[in-house]
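Colleague: Could we go through this model together? I have a few short questions about it.

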Amino acid sequence: MDIAALQIKMRDAFRVEAADLLAELDSSMLELESRPQDPDLLNRVFRAIHTIKGSGATAGFNEMAAFTHHVEELFDEARMGRLTITPEMIDLALKAKDLIGRLLEPDGAATLEPACAQVVEALAKFLPHKVKPSSNGQAKPGDGPSQRQRHKIFFKPHPQVFFSGTDPVNVVDELRALGEAAVTARVDGVPTLESLNPEQCYLAWEVNLLSALPLAKIKEVFLFVEDESEIRIESHLEPASSEAGEAGPLTAFLNIAAQSLEALSGFLPQLRDATEPDLRCCKNYLRILRTFQAAARHQGQEAPATLVEEQIQLLEEAVTSQAALSDEAKCDLAEGYQKLAALIQSVRENNQRGSKLAILPTLPSGAASQPAASAAGGSKPPALRAAASIRVDQEKLDRLMQSAGELLVARNAFPILAKRLALEHGLSAMGKEVKDASNHISHIAEDLQAAVMSIRMMPIRTVFQRFPRMVRDICRAQGKEAELLLEGEDTELDKTVIEQIADPLVHLVRNAADHGIESPEVRVEAGKPRAGKVTLKAYNKENNVVIEILDDGAGMDPARLKAKAVEKGLITPGAAEAMNDRAALELIFLPGLTTAEAVTDISGRGVGMDVVRSNIRQLQGTTTLESRLGSGSRITITLPASLMVSKGILVEANGEAYVFPIASVVQMVRLPRQQLHRHEQAHFATFRNEVYPLLRLADHFAIKAQSGEIAWPEEVAMAIIQTNQGRVGVVVDRFVSDVEVIVKPLGRDFANIAAFQGATIMGDGRVALVINPAGFV
Amino acid sequence: MTKTIMIVDDSATMRQMVRFTLETAGHQVVEATDGVDALAKLNAQKLDLFITDLNMPNLDGIQLTRQLRAAAPYRFTPIVMLTTESQQEKKMEGKAAGATGWIIKPFNMEQLLAVVRRVCP
């Protein structure tokens, strides 16, 4: 994969991640509005914004990251206790959040610039005035590149350096790679074995580096260690402009001192380890010390000159006597060297304090004071727990689902085969074996299906979480007060259903807040609490998921609905007259009927409830409405929990196979003919004191509906089916069995036949039509 | 040489970017979503480097660093923090907790690899 492909992949990955984060932001910012001081919440909001900014920039959304930075600042200030979040800030932050989402769209950045600038300007008003950091005088005239410089680098890591996971040898090696380098390890700090702590660093290094790279490049090597290590860099142009030159006398002395120390350190081990008299070595050592002493005196450095005096005397004696050095003398020399090195070091430090070539340890500026940040993050509301999860291409999942579903259907062939083996081929023992094997496969297939199904299930929370924001916005825009209660957010639905239920729900919740809830004044006058209440509820009921939208608002007026429908010519006045209240409420589902007095920009213009109902019907769901004038409305949506494989009852009518979804079948009964009645053109059945309108499946889809007298058999098979219009009794020829079916759509040409959900292929290869109870009658 | 590197970040985008970059350079990558997840995934396996975000739910990067430094197998393992320009004091806190170095977000692939080379060549 090349970089461009990675970029695209990263961008896509970020969009997915950002969608989650933005949704989380929505809910946590709203929570923050009611608890603006909650440190946990502040941290949650901050962290989401921070991640959006950081990851977004990495994924290449630079404009978005730059914009997000301003929002982040606001919450950072709040997190640090420097400002308190107000509803106005939340307003603005929500606006910013929306913009962030849109900035992620292709070409988003170009069109949104003015809107972003506006938000940034408004944000700036909330932020404390900041002194712009003076741009640190970065221009360094002396840092001319390409000319080779000699750098004498001293590096003594902190003794505890290993505990920061740093291997100092890496640092030295990195320096070595920058040019021609001579590296000397300074082992003089290493103690004797007994007192040596293997986890401590006693070493220091001197690196003599000839490099054309700018000083900054060399300093950069120390980036991670500069704070706690001793680092000195002396740089000279190469060829070195001779000892004295412009350099001060002290610098010249230090150069000589460094050279002397280096030379001495080279001879010291030899001197120490010698058992035989080593005159040559002693003489060399003596010569270096004398040269150094002379140089020191010449530069007015009396202290080091005196320091070496003792060693000079000691060596002079040794050279004259030509005897081996005593152990005591060796010790004195080694000690003398240490002292000299230490002394020179301190001279050098005094000299370099403030010099621009020195890297001095920088102290952490003020111990960070932010208990809030570290105290938080411990407890996290369950709503936000991060599930360990992987993202899978939906297509793969669909394919898996399809296969699992087909396996379920295919296994239906085995019982049929077993039966044929027994009946047609006389192999009943064999038939039994096939049946046993098929049972086994059945179990596995069911497990598999359940597992795949559970993958597709998502909590309805993902849909619900957008509503608090929406209700809040509507209320703020209209000067209303309302509270949104969410219940059963963990109720799970198939992903496809989740995706398609969002729009209808938006419409319904919007209606509830916009049309349902009255203004505070009206409410108070009616003796209700000022703040209205909208409840969004989800729960499982049998094989279905039920979603309810309740409000304690004005309710709907059946009389007004009727008047409106007549006015729009949707029904005749006569029909309106005959209509009971329940039927009148149903009018709201007619296309083209809007009841809002004023068309608001919130609830649109009457493309409402009919679309909602037909959308839900496509999900094989039903929508029912209850409303009481003055006290509110309740809309109940019933949906199948899963779309792909469903259980059904296979029936036969007129030799054709039909399937009723199991969820719609209330009961299956056999009724004696006496319980069937006829009133004018309509047929009824009475069963357990209930009267059911009756229809015969064999006639129902026939081109010519049969009317008048029907010759019922002695006993009829009747399925009581729940439809949008209530329960009806459906007479079939025969109940065959319960089945598992994968419903396939009928194809474009038949897609608008509301009576069927689709068709399915049975285990024996026959095609059966699957009845849609919502559109059946 | 192939290293085994753990990336700890609650942002999937960051993890993916780091994973891809490091894998392209021939390393093995272990992902963790926060400090708690990281600790759970250690299993005393040999890890050559940790790259961790600072601001994470459950257990942040600083606390994670402290806990790793307290665990025998990882006392000396390099830990690189992902920071932003604005997190100066966090950086110091991280260093104090035992972090080896840091990368400033946003960063590109070369910058990431340069830091990896620096702390575990």
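The exchange below turns to confidence, overall make-up and the contact between chains.

Colleague: What kind of model is this?
Modeller: It is a predicted model. For chain A the average pLDDT is 79, and 86% of the residues score at least 70.

Colleague: Where in chain A does pLDDT stay under 50 over residues for which the model has 40 contacts beyond four places in sequence?
Modeller: That is the stretch of residues 354-387 of chain A. Residues 240-247 of chain A also stay under 50 in pLDDT, and there the model has 6 contacts beyond four places in sequence.

Colleague: Changing topic, how many helices and strands are in chain A?
Modeller: Chain A contains 25 helices and 23 strands. Its length is 777 residues, of which 31% count as buried. Among contacts in chain A with a separation of 6 or more, 68% join residues 24 or more positions apart.

Colleague: And the contact between the chains: how many residues does it take from chain A and from chain B?
Modeller: Chain A contributes 29 residues and chain B contributes 34 residues.

Colleague: Which elements of chain B each supply at least two residues of the side that touches chain A?
Modeller: They are helix H1 (12-24), strand S4 (79-84), helix H4 (88-97), strand S5 (101-105) and helix H5 (109-119) of chain B. H1(B) gives the most to that side, with 6 residues.

Colleague: What is the side of chain B that touches chain A made of, by class?
Modeller: That side of chain B has 13 nonpolar, 11 polar and 10 charged residues.

Methods. Residues numbered from 1 in each chain as written. Chains lettered and ligands numbered in written order. Predicted model: local features only at pLDDT ≥ 70, side-chain atom pairs only at ≥ 80, totals over all residues. Contact = placed C-beta atoms within 7 Å. Helix = DSSP H or I, 4+ residues; strand = E, 2+ residues; numbered from the N terminus. Nonpolar A, V, L, I, M, F, W, Y, C, P; charged D, E, K, R; others polar. Buried ≥ 20, exposed ≤ 12 C-beta atoms within 10 Å, placed from the backbone. pLDDT = per-residue confidence, 0-100.
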